[in-house]
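Colleague: I'm new to this one, so could you walk me through it? I'd like to know what stands behind the labels.

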Amino acid sequence: MCGGVEFKNGGKTQRIYFPNPEAALPVRLRSGTVTWLPWGRRESEAIALPQGGWARLESVRAGTWDKYYPTAVLIPAARFMEKDHDGHSHWYEVPENEWLQGLVTRYPGGSRIYVVTLEPPPNLAVIHDRWPRLVAKTFSASCAGQ
C-alpha cells in the first residue's frame with residue numbers, strides 16, 4: 001500500500017516512509033502551490049480522521065471520505081515502495097508524465113494527506129493487494145469523477 005515514497009529535489013533524493021511518525025508528503029495543489037502535509041493518522045493520534053495513510057478509491061467514490069472535506073491532489077513522487085507478502089521492499093518508478101494521487105482531508109486544527117489506492121495491475125497483485133493510483137500531471141478532476 002505504498003509504504004514509502006521517493007522525491008527528487010534538485011540533485012537530492014529524499015525518501016519518506018509511512019511508519020515514521022513524522023512522515024509528511026509534498027502535495028501539489030490545483031493552484032500549483034506545493035506544500036508539505038502530515039501523511040495519514042497514527043493509532044496513537046487522537047484526531048477525527050481514519051487511521052492509516054491510504055484511501056481506497058472505491059471508498060472515496062462511495063462518499064465515505066466526504067465528512068473529511070476531501071480534495072484530490074497530486075503527490076510529485078519519482079518512485080514508490082511496496083512491501084510484498086514476505087516483507088521485502090520493492091521500488092517502482094513513477095512514469096515521467098504521472099504523479100501519485102493524494103487525498104487531502106481536513107479536521108479541526110489541520111489537514112492530512114492520504115495516498116489514494118486501487119487494485120494493482122494483475123501482474124503485480126503478487127506484490128500487494130493495493131496499489132497507489134497514478135494520474136497525469138495535468139489531473140484536475142475530483143477523485144469521485146475519476
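Colleague: What makes Lys8 and Glu6 a salt bridge?

Modeller: In this predicted model, the closest N and O atoms of Lys8 and Glu6 are 3.6 Å apart. The cut-off is within 4 Å, so the pair qualifies.

Colleague: Why is Lys8 called exposed?

Modeller: Its relative accessibility is 52%. Exposed means over 50%, so Lys8 earns the label.

Colleague: And why is Glu6 called buried?

Modeller: Glu6 has a relative accessible area of 4%. Buried means under 20%, so the word fits.

Colleague: How do you know that Glu6 and Arg15 form a salt bridge?

Modeller: Their side chains meet at 2.8 Å, N to O, and that is within 4 Å, so the pair counts. Arg15 itself has a relative accessible area of 38%; partly exposed covers the range between 20% and 50%, so that is its label.

Colleague: What about Arg79 and Glu93: what makes them a salt bridge?

Modeller: The N to O distance is 3.8 Å, again within 4 Å, so they form one. This pair links distant parts of the chain, with Arg79 in strand β7 (residues 79–83) and Glu93 in strand β8 (residues 89–93).

Colleague: Which of the two labels, buried or exposed, goes with Arg79, and which with Glu93?

Modeller: Arg79 is at 17%, under 20%, so it counts as buried. Glu93 has 56%, over 50%, so it is exposed. Salt bridges with shared partners join Glu6, Lys8, Arg15, Arg79 and Glu93 into one network.

Note on methods. Residues numbered from 1 in each chain as written. Predicted model: local features only at pLDDT ≥ 70, side-chain atom pairs only at ≥ 80, totals over all residues. Heavy atoms only, no water. Buried < 20%, exposed > 50% of the residue type's maximum accessible area, 1.4 Å probe, protein only. Helix = DSSP H or I, 4+ residues; strand = E, 2+ residues; numbered from the N terminus.
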